[in-house]
Amino acid sequence: MSSKKLVIVESPTKAKTIRKFLDKNYIVESCMGHIRDLPQSSKDIPEKLKKQKWAQIGVDYENHFTPLYIIPKDKLKVVKSLKEKLKDASELYLATDEDREGESISWHLQEVLQPKVPIKRMIFNEITQSAIKKSLQDTRSLDLNLVKAQEARRILDRLVGYTISPLLWKKVAYGLSAGRVQSVAVRLIVEREAERMQFSKSQYWGLKAELKKEGSAFEAKLIEWEDQKVASSADFDSKTGEIKKTKNILLLNQAQVQNILEQVKIAPWTVTEVEKRPVQRRPMAPFITSTLQQEASRKLGLTAREAMQVAQKLYEQGFITYMRTDSTFLSEEAIKASRAKILEKYGKEYLPDTARVYDSKKVKGAQEAHEAIRPAGVEFVDPEFTGLEGHQYRLYDLIWKRTMASQMEDSRQTQMSVKIKADKSLFSANGMSIDFPGYLRAYVEGHDDPEAKLEEREVRLPQLKTQDLLQVTTLAPTEHETKPPARFTEASLVQLLEKEGIGRPSTYASIMGTIVDRGYVRREGNTLIPTFTAFVVTQLLKKYLTPFVDVGFTSEMESSLDLVAQGELDSQSYLSKIYLDKKQGLLNLIQEQDKLIEPSQARSVTFSHLPGFEFKVGKYGAYVVFKKSTKANADTDANANAVPIETEVSVTIPDQAAPADVTQKQIMEWVENKEKGADSLGVDPESKKAVYLLGGRYGYYVQLGEISNNDKEKPKRVGLAPQMKPTDVTLDVALELLALPKFLGEHPENQKKISVSIGRFGPYVNCDGEFRSVPKDKNFLRLTLPEALELLAQPKGQGRGRRTKTVLRELGEHPKDKAPIQIFNGPYGPYMQWNKLNASLPQGVTPEQLTLEQAVKLLQDKADLGPSTVKKKKSK
C-alpha cells in the first residue's frame, strides 16, 4: 500500500481547485454527485423485488421504511475507478459539502467503497489554500444524525410524490406530479391568481400641481378638499379593489377634480406646515441562500436554479464561501478583510468604529453551514480583477458589494414633508435628501414593486418655511386605477416559503424548476403564472388530500425533520405516523379518496366570474366548454316559431392565456376563429393568397394561405417575436415576417451571405452557420448590415450576459519581441499570456505580487518544456 491519501469530492471543478492546494501525496477525485440513490424507474429495480407492492416507490414501508438503494448505470464506472484508487491509498478523506446533502454523499461513499483504511471527514466552507490545509488538520467522523435526517427527508419526499402522483395520472392526466413542497408552492401561486379573479378595478382621480419657489420646481398632490381626505391607493382594499368602509373619505371623479382645479388655480398657495425628520438606514445582512436567490432574481433576472448553478461554480473555483447557508454570521477574518477593503475603496468615513454583528438566529431548520455567503479568502478580490465573465462576474459582484455594504456606515437621510393650502384644498409634497450615503455607495436593495423603488430616489425640495407663498406653474388631473394583487415572482415566492417555514432554501431552486417543468407554472419575465392544470390539480388536492397542501402541516413536517437532524425524533416513528397511520396516514387516505374522485369532475374547474363556462384539462392541454343556444325553424311547419337549440361548444385555450385574464369576450373570439376562421389581414400581392394572423397553443403566428387537404402544400407560418404584440401586426409587418430569412448583404471578410430570421428563441442573424441573437431593443425587421456585422463580431453568448476576457493586469513588454505580457483569470486560477504561450502563476502568488522579471522566467521555463502532448483519436 502506498502512502498516498485519497480525497473524494462531488465535482470535477471542485477537485481541480483543491488539487492546486495539496502536494503529490494527495490524490483528489470526483464522485460526480450521489453514487447511489432510490430507483428512478422500474428498470432500476432488481428482478427479485419487482413483485413487491412497495417496489415502485423504492421504500419498504412495511419493514422499518428500509430504502432500496441502487447504483445507477452511469455511476458504475465512477465507483469502479474510486475502488481502484482506494486500493493504493493509506487514508480516505471525504471532502463533500458540509450540509445534509454533502454528509449523505459521504455516507453513501463509505457504505459502497467499504474502505479498510482510516476515514476522515474534511469540513470547510470555502475552497482556499488556508481553508483546505486547516480542514486536513481538523477532521471529524461522519455525523449520522445529519445522514438520518437527509435520508428521512428523501424517503418522505419519495413516499408523498410516488403515492399521490399515480392518483393524478389516474384522475387528471398522465405525467403530472405531486410533491411535499412543490404542491404547496403551486397552491400559493394558484390562490394568488384566484385573488386576481375576484378583484374589481376601481377608478379614482386626483390633482397634481407643479409649484415653484425662487426658481426651484417641485410637485405636490391634493390630499384634502373641504376638510375631507381625498381617496388614494391606501384607501382601497388590496384584495378586492373596493374602497374601504372608512368615514370621511372623498372619492373624486373627473368632473369634480376639474371643478377643484378651476377654483384653486386662481387662489393663493401658502405653505402651512414644514416637517423635517432625520432618518438613519442600516445596511442589510450579508447574503444567505434565500436572500441571494431573491436579489439575483430582482437585480440580475436569474431564476433560483440559475442563481444556484452560478453560485456553485463560483464556490468550486474558490471565489465565494459555501452557498447553501442560513447564517448571517461573518468570521473574524471576513470582517477584517471587508473593513480593510472599505477603508481602501471608500475611505475612513464609511467605516464604523466597530464591526457590525448580525443576528445569527437561523431560519427554522436552517442548513448547517456556519457563515454567510461572501467572497472567499482573507483578502477579497475586487470583481474587476477576478477575470470572471457573464453571470459569474455579475453574481460575484453582487455578493462582493452586499458583503462590503453589510460592514459600512449607516445611510443618513433627511425626510421633508410640506403641507400647502390653496382655497379649500390641502396639498402635500414629500422630499428626501441623502446627507451621507453610507452603505448605499456599495449596495442598494432590490424590490419586486416598482413603486417601492421610487420611494428610495432622492427628491430634493427647496428651502421652505410656513407662510411662504408659492407660484403655480401647472395643474393637471390624474387618473388612477386600483391594481390587483401582484403575481408571485420567484423572489417573492421564495420569501413567502421561507417565512412560512415550507421547504428549505437549499431546495427552492429545484422546486421552482420542477413546477415550471411539470407545466404547473409558466414564466413571463420574472412573473410566475399558473396554468389551468395547476388549478385543476390544486382543487383536487385541497378537496381530497387537504393536509398535504396545507401550509401549516407542511411547515410542521419540516420542523419534525429538523428534530430528526438534532437526534430528538426517531425517523421511523415519524415516517410511520405520516404514511401508515390508520386515521391520518397518506396510504390509507389515498385508498379511501380514490373511490370518491370522479375523473370527469376532477379534470375541470369553474370560476364564479365566468358563470356557465367549464375549464378542463385534456391530453392536449386546456380547453373551455359551454352551452350555446341557437335558433332553428321547425321542420314540419314553415310558419312555426323558431325553437332554441342548445349545443355544447368547446375550444382550445392558448398556452399563453393567464387564467385571471381570460374574459367571456376572449372565449367568444376563440370560438369564432375556430368556427369561421380568422379574418385575413389582406392579400399577398405576389402569390395572391390571403394572409392571416392566428393564435395557436404556442402563441401567435402569421400564415400565408389556407390549410389544404394536400399535405405537400402546407401554408407557410412564421411565429411572432417575443416582443411583438398581435395588435401591432399589420399586413405589411406580416409580409415582412413571411419573407424571412431576409438577406442583408455579404460579410466583407469572407464574402459569405448574412441574413436575419426568427427561430424558436427569437430573432437572430446568420453568417455561414455563425448565429447571434438580436437584442430585444432592436427592431430585427429593420436591422442593417453594419448592425448585423457588429453582432457577429461579438463572442458567442455575449447577449446572454457573457463578458469579453478581462485583463487582470498588464505586466509590461517581453524583452524579446516587445509583445505585451498580460494576466487573465482562467477556470483554474490566474495565468499569464505572452503571444500564444500561457503559464500559470506560482502557488501563493497573486496577480498584484508578480513582477515582470518573474513572468519572463516562468514563460521561458514553460517554452523550454515544448508543446504539450495531445492524445490523437484512434482512427476507425
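Two residues are in contact when heavy atoms come within 4.5 Å. By that yardstick, 67% of the chain's contacts with a separation of 6 or more link residues 24 or more positions apart. The model is a predicted one, so to speak of local features takes a pLDDT of at least 70, side-chain atom pairs count only at pLDDT 80 or more, and totals for chains, interfaces and linings use all residues. Numbering starts from 1 along each chain as its sequence is written, and side-chain values use heavy atoms, with hydrogens and water left out.

Now for the whole chain. Its C-alpha atoms fill a box of roughly 105 × 85 × 70 Å along the principal axes. There are 23 helices and 32 strands, taken as DSSP runs numbered from the N terminus (helices are H or I, at least four residues; strands are E, at least two). Of the 876 residues, 49% are buried, where buried means under 20% relative accessible area, exposed over 50%, and partly exposed in between (1.4 Å probe, protein chains only).

One sheet is worth a look. It is open, and its four strands follow the order β21-β22-β23-β24 with antiparallel pairing; strands pair if DSSP finds at least two bridges between them. β21 (680-683) and β24 (716-719) sit at the edges with a single partner strand each, so one side of each has no neighbour in the sheet. From one strand to the next, the twist averages 25 degrees. Helix α21 (residues 731-738) packs on this sheet and touches β21, β22, β23 and β24, its direction making about 85 degrees with that of β23. Such angles run from 0 to 180 degrees between N-to-C directions, with axes fitted to C-alpha atoms (for helices, over the stretch in contact). Inside the sheet, six bridges join β22 (residues 690-696) to β23 (residues 699-704), and Leu-693 has Val-702 as its bridge partner in β23.

After α21, in the loop leading to β25 (742-746), comes Pro-741. The peptide bond from Leu-740 to Pro-741 is cis, with omega near 0 degrees.

Helix α13 (residues 490-500) has several buried residues, among them Leu-493, Val-494 and Leu-497. Their cover includes α6 (182-198), α8 (289-300) and α14 (505-517). Just after α13, Gly-501 takes a positive phi of about 70 degrees.

Two residues that are not glycines also have a positive phi: His-64, at about 60 degrees, and Asp-768, at about 55 degrees. His-64 lies in the loop between β3 (59-60) and β4 (66-67) and is exposed, at 54% relative accessible area. Asp-768 belongs to the loop between β27 (762-767) and β28 (770-773) and is exposed too, at 55%.
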